[in-house]
Amino acid sequence: MTTAAQAQAVEHAITSRRAIRAFLPTPVDPALLHRLIEVASRAPSGTNMQPWKLRVIGPQARARLESTLLAALDDPDFVQSEEYRYYPETFREPYQSRRRKVGWDLYGLLGVAKGDIAGMKRQSAANLRFFDAPVALMLTVDRDLEIGSWIDLGMFLQSLLIAAQGHGLQSCPQAIFARFHPVVRRELAIPDSEIVVCGIALGHADPAAPQNGLVAEREPVEGFTTWLD
């Protein structure tokens, strides 16, 4: 492969990847999954600490986890809470508009109108089922590590998603599991020394699912880049 072809392949894997929220039941070869994780492990990290921790959730463990998560979703006494703050307490512009735009674009494709609590709950349930992807992963980080290690973890996550895209697989990183961390921790035997960061759904996208048609907008380069002489 020529240098130009290599660059094109890498760029295509990055620009074609998007969050997929409905998957086909087509299985993923375990050897390929192992290879994807191995490739992602080459992500950079400060002083080569490699702070990420990944769990591949098998069928039995997944069935137990999803059943318990869905029960918690239906339990009015269960309080959803994160161990870390993903979003700001108060949104301001331009972040509020971007968040609302992608949210309502997604719900529009799903036919969920504003104020449709039942429809939103159905989508949360799909999220907790890893959108029926054949591969379910859970990403954690040691509680005593600092923000630099979280940056490293993000680079590992992105590397995994791009490696999967390069092999014709689609994915969705899922922050919802952080809000159900007591359930996730209990069912997956995650020690208190680790923080539940996110889940990852991975597999082949269902082309018939309308929600998979969502392509989130991106700001132009000039909107976030300052060129200094």
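These legends accompany several close-up views of a predicted model.

**View 1. Helix H2 packs against helix H6****.**
Here we look at H2, residues 30–40, beside H6, residues 147–166. Their axes come within 8 Å and cross at roughly 135°. That angle makes H2 oblique to H6, because only values over 145 degrees would count as roughly antiparallel. The crossing itself is right-handed. On the H2 side, the residues to pick out are Leu36, Ile37, Val39 and Ala40. They meet Phe156, Ser159, Leu160, Ala163 and Ala164 of H6. The residues of this contact are eight nonpolar and one polar, with no charged residue. If you are wondering about the spacing along a helix, residues three or four places apart point the same way, because an α-helix has 3.6 residues a turn.

**View 2. Helix H3 runs alongside helix H5 in a roughly antiparallel arrangement****.**
This view brings together H3 and H5, the latter covering residues 117–128. The two axes come within 9 Å and cross at roughly 155°. With a crossing angle over 145 degrees, H3 is therefore roughly antiparallel to H5. H3 passes H5 in a right-handed crossing. From H3, the contact takes in Glu66, Leu69, Leu70, Leu73 and Asp74. From H5, Lys121, Ser124, Ala125 and Leu128 take part. Sorted by type, the residues of this contact are five nonpolar, one polar and three charged.

**View 3. Four strands make an open antiparallel sheet****.**
Follow the strands across the sheet and you will read the order E1-E2-E4-E3. E1 (52–56) and E3 (170–174) stand at the edges, and each has a single partner strand, so one side of each is left without a neighbour in the sheet. From one strand to the next, the twist averages 25°. As a reminder, strands of a sheet pair through backbone hydrogen bonds, either parallel or antiparallel.

**View 4. Edge strand E3 meets its partner E4****.**
Zooming in on one pair, we find E3 beside E4, which spans residues 194–203. The two are joined in the antiparallel sense over five bridges. A handy landmark is Gln170, which stands opposite Gly203 in E4.

**View 5. A cis peptide bond and a positive phi occur around helix H4****.**
The peptide bond from Glu93 to Pro94 is cis, with omega near 5°. Pro94 sits in the loop between H3, residues 59–74, and H4. H4 itself covers residues 95–110, 16 residues in total. From its first C-alpha to its last it reaches 23 Å, close to the 22 Å expected at 1.5 Å a residue. Gly111 follows H4 and has a positive phi, near 75°.

**View 6. Asn48 has a positive phi without being a glycine****.**
The backbone phi of Asn48 is about 55°. You will find Asn48 in the loop between H2 and E1.

**View 7. Ala205 touches residues from several parts of the chain****.**
Ala205 belongs to the segment after E4. Leaving aside residues up to four places away in sequence, it touches Ile20, Ala22, Phe23, Leu24, Gln170 and Asn212. Gln170 should look familiar, as the residue that stands opposite Gly203 in View 4. Ala205 and Ala133 are 72 residues apart in sequence, yet their C-alpha atoms are 8.4 Å apart in space.

Definitions and conventions: Residues are numbered from 1 along each chain as its sequence is written. This is a predicted model: local features need pLDDT of at least 70, side-chain atom pairs count only at pLDDT 80 or more; totals for chains, interfaces and linings use all residues. Side-chain values use heavy atoms; hydrogens and water are left out. Axes are lines fitted to C-alpha atoms, for helices over the stretch in contact, and angles run from 0 to 180 degrees between N-to-C directions. Angles under 35 degrees count as roughly parallel, over 145 as roughly antiparallel, 65 to 115 as roughly perpendicular and the rest as oblique. A crossing is left-handed if the near helix is turned anticlockwise from the far one by less than a right angle, and right-handed if clockwise. Contact means heavy atoms within 4.5 Å. Ala, Val, Leu, Ile, Met, Phe, Trp, Tyr, Cys and Pro count as nonpolar, Asp, Glu, Lys and Arg as charged, and the others, Gly among them, as polar. Two strands pair if DSSP finds at least two bridges between them. The expected span of a helix is 1.5 Å times one less than its number of residues.
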